[in-house]
Amino acid sequence: MNGYCYFILGILILAAGYFTYGRVLERIFRPDASRQTPAVACTDGVDYVVMPRWRVFLIQLLNIAGLGPIFGAVMGVLYGPAALLWIVFGCILGGMAHDYFSGMISLRHKGENLPEILGRYLGNQAQWISRAVCIVFSVLVGVVFAVGPAAILSPMTGWSVSAWVWIIFGYYFLATILPIQTIMGKVYPLFSVALIIMVMGILGVMLLAPFADSMPAWMHLPRMEVLPDLDFFHNRHPADFPLFPVMFITIACGAVSGFHATQSPLMARCLKTEREGLPVFGGAMITEGIIAFIWAAAALTFYGSPEALGAATANGKAPALAIQTISESWMGSVGSILVMIGVVILPISTGDGALRVTRLMIADSFKLSQEQLSRRLMIAIPLFAAAIAVSSMDYAVIWQYFGWANQLLAAATLWAVSIYLRSKNRCCWPAAAPAAFLSLVVFQYLFSSSEMCGFSEEASLIASVLLTAVIGVLCLFRGSGLEKAEEPSL
């Protein structure tokens, strides 16, 4: 089978995964169409607002995606075509289970944020630790996705980076305190459509590339071989980073990402019925997986090999440069416009969602109603003062651990989901199996990485397996020990 067939097969498997495995997850959770959702029972016109399913889906997609599945996928294929396998099967077996179950559990508990869910099923200590981690995590996302676009806009406009940071933070502030339908409900769907158009353009070029000679000249299609290098199991990373566990940390969005569970409660507060959970949470994850798969395949196709891609992103060159080169080469001026949307607007749209979620996490921590504007300002003003202060720091070292923390959060979420399902006497393995795998990944990185413990590979693997086994037994035992209580009525 040639690379072109593998490319089409990967997309078809992702789509089929939604319609088959997604239904399995739905039958395990058992959504109840007659049960009132938080948006219906707790309507406040600010955070709890019923919106059409298509709009909620597009907002969810942008909240969890942005540039994550593009940057992560491009950097992930430096390890070779094995990254394509992780995107496809990680997205279906791990990402969709993670996003659907965590979103639906939030839906059942009045749109609770992730720290409250982890505390409910992993214990009070887990709640306070995850609360601190999630708040810091979300603030860093918001800050970095303000500074990055500001650095791009500065040379284009002649304005200073700091001026653009202030402008972006001004937008963030409005998006954080205004009712969700005022900005996010109107702007996000447009940005999501731009993201989809950008990806569809790349997809169209790759699908038509083998037939370029028979296409009209005005289409300017390149004649190229799709996925010419399919050495799946040979690590090709230029810096010789180990495929396991680093590749599974590099590709988070597009496969499995703990950040998604922090964002899903936003949309859990906007669904009209529980039946909308699979298309919104599961559907957005599969769509993100398709985006990541297309861009990973495009990077390998355009550069021909991981080594060539590594040269294009070496010496401090960001993956944005590779994305820009691919888009402009394949789509001309249209590609340039879409790249500008991608590298500027999409990160900003991820940042404002992260800071809005931070406000809600803090509000949940202190049981503060957010219906009144004064209450929202009470949280937002000190929150943004802290974010602006952080924006002047050098956090290059912090971001070495960002991907690891993201996957650690995903593992914790999946263990909490396993406990929830176990407490309901339902099959917990669709959550427990990816939880165990991600635990192995994060522990192996913790023990073996020179930036962390620096143990030998063999010692790290033994410690990782033992620790994962202990956690798995404790979580499943805790699940069987919890009373089979119904979720609170709304």
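L227 sits in the loop that runs between helices α9 and α10. Its phi is near 50°, a positive value in a residue other than glycine. And with a relative accessible area of 2%, L227 is buried. Keep in mind while looking around that this is a predicted model.

**Other backbone oddities**

R30 is a further non-glycine residue with positive phi, about 65° here. You'll find R30 in the loop between α1 and α2, the latter spanning 38-41. Then there's a cis peptide bond, joining F244 and P245, with omega at about 15°. P245 belongs to helix α10, which covers residues 243-250.

**How the helices pack**

Here are three helix pairs, with the angle and axis distance for each.

| Helix pair | Angle | Axes |
|---|---|---|
| α1 (residues 3-29) and α9 (residues 184-208) | roughly 140° | within 10 Å |
| α1 and α12 (residues 277-303) | about 165° | 10 Å apart |
| α3 (residues 53-64) and α11 (residues 259-268) | about 155° | 9 Å apart |

Take α1 against α9. Why do these two count as oblique to each other? Their axes cross at roughly 140°, and angles over 145 are what it takes to count as roughly antiparallel, so this pair is oblique. The crossing is left-handed. On the α1 side the contact uses Y4, F7, I8 and I11, while α9 brings L203, M206 and L207. Sorted by class, that makes seven nonpolar residues, with no polar and no charged ones.

Now turn to α1 and α12. Their angle of about 165° makes them roughly antiparallel, and α1 passes α12 in a right-handed crossing. From α1 come Y6, F7, G10, I11, L14, Y18, G22, R23 and E26; from α12 come L278, P279, G282, G283, I286, G289, I290, F293, I294 and A297. The class tally for this contact is 12 nonpolar, five polar and two charged residues. F7 and I11 of α1 turn up in this contact and also in the one with α9.

The third pair is α3 and α11, with an angle of about 155°, which means α3 is roughly antiparallel to α11. Here too the crossing is right-handed. V56, I59, Q60, N63 and I64 represent α3, and they meet F259, H260, Q263, S264, L266 and M267 of α11. The mix by class is six nonpolar and five polar residues, with no charged ones.

**A serine in α7**

S154 is part of helix α7, residues 124-157. Is S154 buried or exposed? Its relative accessibility is 13%, so S154 counts as buried. Skipping neighbours within four places in sequence, S154 touches W159, S160, V161 and W164.

**Cysteines**

How many disulfides does the structure hold? Zero. For C42, the nearest cysteine sulfur is that of C270, 12 Å away, and C42 is in no disulfide. C42 has 24% relative accessibility, so it counts as partly exposed. C428 is in no disulfide either: its nearest cysteine sulfur belongs to C427 and is 6.2 Å away, whereas a disulfide would need the two sulfurs within 2.5 Å. C428 is buried, with a relative accessible area of 6%.

Definitions and conventions. Residues numbered from 1 in each chain as written. Predicted model: local features only at pLDDT ≥ 70, side-chain atom pairs only at ≥ 80, totals over all residues. Heavy atoms only, no water. Axes fitted to C-alpha atoms, helices over the stretch in contact; angles between N-to-C directions. Helix = DSSP H or I, 4+ residues; strand = E, 2+ residues; numbered from the N terminus. Parallel < 35°, antiparallel > 145°, perpendicular 65-115°, else oblique. Left-handed = near helix turned anticlockwise from the far one by under 90°. Contact = heavy atoms within 4.5 Å. Nonpolar A, V, L, I, M, F, W, Y, C, P; charged D, E, K, R; others polar. Buried < 20%, exposed > 50% of the residue type's maximum accessible area, 1.4 Å probe, protein only.
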